[in-house]
Every structure is written in C-alpha cells, then in structure tokens.
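Student: Please take one exposed loop residue and look at it closely. Then work outwards from there to the rest of the model, with the cut-offs stated as you go.

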Amino acid sequence: MKLVILFLGLFISIIFETTLISLPLVLLWLLLLVVLTREEWVFIVAIIAGLILDSLRLSTFGLHALFFAGFCLLVFLYEQKFELQSSSFVLVMSFLGSAIYLLIFGSTNFILQVLCSSFLAIIFFLPLSFLYKNHIRSSITPEFS
Amino acid sequence: MQKRQRIVFVFVVSAVICLLAILLAKTVVGSGISSAIQFVFSPLQKTALHTSQNVKPLSELDKAKQQIAQLQAENAKLQVIAQDNKALRDQFQTTNPLSQNVIPAEIVGMPQFIPGVSSPEGFIITATNGMKIAMPIVYKNILLGEITAIKGNYAKVSLVSTDAISFTAKTAQTDAVGIVKGQGNGQILFDNVLLSDSLKIGDTIVTTGETTFEGQGIPPGLIVGKITSIDKNPSSLFQKASIQMLVDITKLSTVFALTQ
C-alpha cells in the first residue's frame, strides 16, 4: 500500500511535470522514494522515470535518467552521515537537487522555483513519513561502522 | 561496506544504461522508444491539460475579454486588407497573397511555474508529417511562436515571448517597422523603431514576412499583438514598445502549423 502511494505519486508527477507545472516534481518524488525505502531498485525506477521524462519533454534521451541516477547515488552516499528520514535532510537535498536540476535543464524563475520545490518536498514528505514510521532506522548503520 | 559497494555497483550499471540510451538517442531504436512512450502518455497528458483548462469556467468578464480580443484581431486583419487594397489601387506595389497550408496540432503539454498565473515559455504539440523546425505556429491569424524541436510524435513550440525568437514586424496603422523580440516571462518588445516613425498605443503589430525562396519562414500579415506602452527617448537612436498578445495561450487546445 505504501509503495503503491509512492509509485502513484511518481506517475502523477510525471504527468504534471510534462503537462502543467514546470517544477522538478519527479526529482522530488525520487528523493522521497530513496529516503523512505532506501532500496537499490530506486535506481531502476529513476532510470525509467528519466527516460519517460526525456521522451515527453523532447530533451536528449537518457539525460534526465543519468541525472536522476546520480542524484539517487548522492542521497545514498549521505546515508552514513545524516538521518535520512528527517525534514531537514529532505529540505536540504530537495533544495540542492532542484537548484542543480533547474540550472542544467533551464528555468524561468530560478530562486522561486527552487524554494517552491523545497516547500513541496516537505509537504509531500511529512504525511508519507508517518506511513513509514515503522521503518525508521538509526543514523549510523552497522555496515558503515 | 557491502551495502555501499552494492549501491555504487548499481549506480555504475545505471550510468552505463543511461549513457547507452544517450548514444542510441539519434538512432531508430531511440526514436522508436521515445515515440512509443509519447504514444502511451499522450491521452493522459491531453486529459490533464484539458481538465485544468476547464476547471475555472469563464466568467462574464472573461467572455467579454475574449470577444474584445477576437474583434481586435479581426480589426487588425481588416486594416491589413485595407492597406493591400490601397496599394493595389495605387499600382505602386503588388502583393502576392500566399495560400497558406495549415496542419492542425493538438497541444499536449504547457508547463508553467504557477498554472493559470505565470506565462508559459512554450508548449508541446502532436507532430505529424510535414512539420519542420522553424515552422510558424498560429491560432487563426495570430502568430504564437515557432517549432524549435521535433522528436517522434511530439514537437516543441517556443512562443514569441521567449528570448530565442526575434523577427521584423510593422504597425498596422502607421507602418512603423521594427523588430519583435521576446523578453521571457510573457513579455514581448517591439524594438529598433526609428524615432521619426509614429507608434500608437492600441495599434496592432503584424509580421512583415521573413520567408526563404522556398517559402519557409514567417509569412507577412500575421498578427503578433497590440501595443500597450511606448518608450520613446529623444536622446536614443530608436524607440520601443511593449506588446501584448491578443490570445490567451493557456486556454488553447488546438493550434496550426503553417507549411508555406
């Protein structure tokens, strides 16, 4: 059920980003997928979402997929340093990710769009984090100690 | 360390797949995959766009504004016809009315920062055979923009208000010639107008025509918009004016590509 909500949100964000809103919604949902599930298959989802976005936005095929995969790696690499499932982490990563995304793929109101993206990321994250409350782990996992 | 190594390995595989996709982008395989994705998502995009356009029903004021815009467009067309008639009567110049072939195209996407509030920079339309890059896109006889990219079943249209587009135009009433330049954020400027030429607020800007020998490009007589403000400084070489489009692009669902 929790995964269904996440995938549904990702699907809707693909439709909205290519049709109605010029904010990086897919990037935000991928961030939430990484933060809440912390599974490696998110890379596959990122590639598929990126390829779909490239086809619908008429950008170079594979470019969005490459960016999303790199962003997911960045989030995973910070797993050992920060508590992933916290609002502050989501806020910082969404801010950084949106800023780099809009710099690469273009924007009309850069600062406003970055701020709105970060705000939306928190809006999406807070209710979903309650659903995933049982999966909260400590900030330092045994594998990295 | 195992999980970290696993993640890096998965990322490397993902990056290789993405780089392969980039290499295949211009091949038949890449185009085919793009077209298939566009074909699957096209109905969903159209539904989402049309639903958003119909969410807010037109008020009486909006309907009146639409009628005013329509009348202004027809008035501008009549002014151009009157000028052509005068020229033919005077026999100083001849005009070759071009028969325009149009290809209808549905708008499938029009992303905006804040839907309904901010201005879009462009939109995505369904592409059909015969469409080419730099082909003008119109609604009735109003120039909206031109095609800047075609991929599979979709074409990207940049509006005249984007800073990527500029072309020569003139005023319908006073025949002042200048260059239309997009400024972004829905702003259009009519620049490089000689100080000796007369500009009037409310006057309509029409294209002068920039076509190649084969007939491609922006044909003459298309309406760009109306003048809303004038910036005239006697110490400058040129004067300029701000232009407002006569159509609300966010309400459109079908546009037309001019083939010649």
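**A loop residue and its surroundings**

Tutor: B:Asp175 is exposed, as 11 other C-beta atoms lie within 10 Å. On this scale, a residue is exposed with 12 or fewer other C-beta atoms within 10 Å of its own, buried with 20 or more, and partly exposed in between, the C-beta atoms being placed from the backbone. This is a predicted model, in which local features need pLDDT of at least 70 and side-chain atom pairs count only at pLDDT 80 or more, while totals for chains, interfaces and linings use all residues. Residues are numbered from 1 along each chain as its sequence is written, and chains are lettered from A and ligands numbered from 1 in the order in which they are written.

B:Asp175 sits in the loop between strand S6 (166-171) and strand S7 (177-184) of chain B. Its phi is near 60°, a positive value in a residue other than glycine. Strands (E, at least two residues) and helices (H or I, at least four) are DSSP runs, numbered from the N terminus.

B:Ala134 also has a positive phi, near 80°, and is not a glycine. B:Ala134 lies in the loop between strand S2 (122-126) and strand S3 (136-139) of chain B. B:Ala134 counts as exposed because it has 12 C-beta neighbours inside 10 Å.

S2(B), by contrast, is mostly covered, with four of its five residues buried. S2(B) is joined to strand S1 (residues 102-109) of chain B by two bridges, and these strands run antiparallel; two strands pair if DSSP finds at least two bridges between them. In that pairing, B:Ile107 stands opposite B:Ile125 of S2(B). With strand S5 (residues 154-159) of chain B, S2(B) pairs over five bridges, in the antiparallel sense. There B:Gly122 has B:Ser158 of S5(B) as its bridge partner.

These strands fall within domain 2 (60-258) of chain B, the other part being domain 1 (2-54); the bounds come from an automatic or database domain assignment. Between the two, 12 residues of domain 1 are in contact with 14 residues of domain 2, contact meaning that C-beta atoms, placed from the backbone, lie within 7 Å. The domain 1 side divides into two nonpolar, nine polar and one charged residue. Here Ala, Val, Leu, Ile, Met, Phe, Trp, Tyr, Cys and Pro count as nonpolar, Asp, Glu, Lys and Arg as charged, and the others, Gly among them, as polar.

Helix H1 (residues 2-24) of chain B has 23 residues and reaches 33 Å from its first C-alpha to its last, close to the 33 Å expected at 1.5 Å a residue; the expected span is 1.5 Å times one less than the number of residues. The buried residues of H1(B) include B:Val10, B:Phe11 and B:Cys18. They pack against helix H3 (42-57) and helix H4 (63-77) of chain A, together with helix H2 (28-54) of chain B.

Across the two chains, 29 residues of chain A are in contact with 39 residues of chain B. Helix H1 (2-19), H3 and H4 of chain A each supply at least two residues of the chain A side. That side has 17 nonpolar, nine polar and three charged residues.
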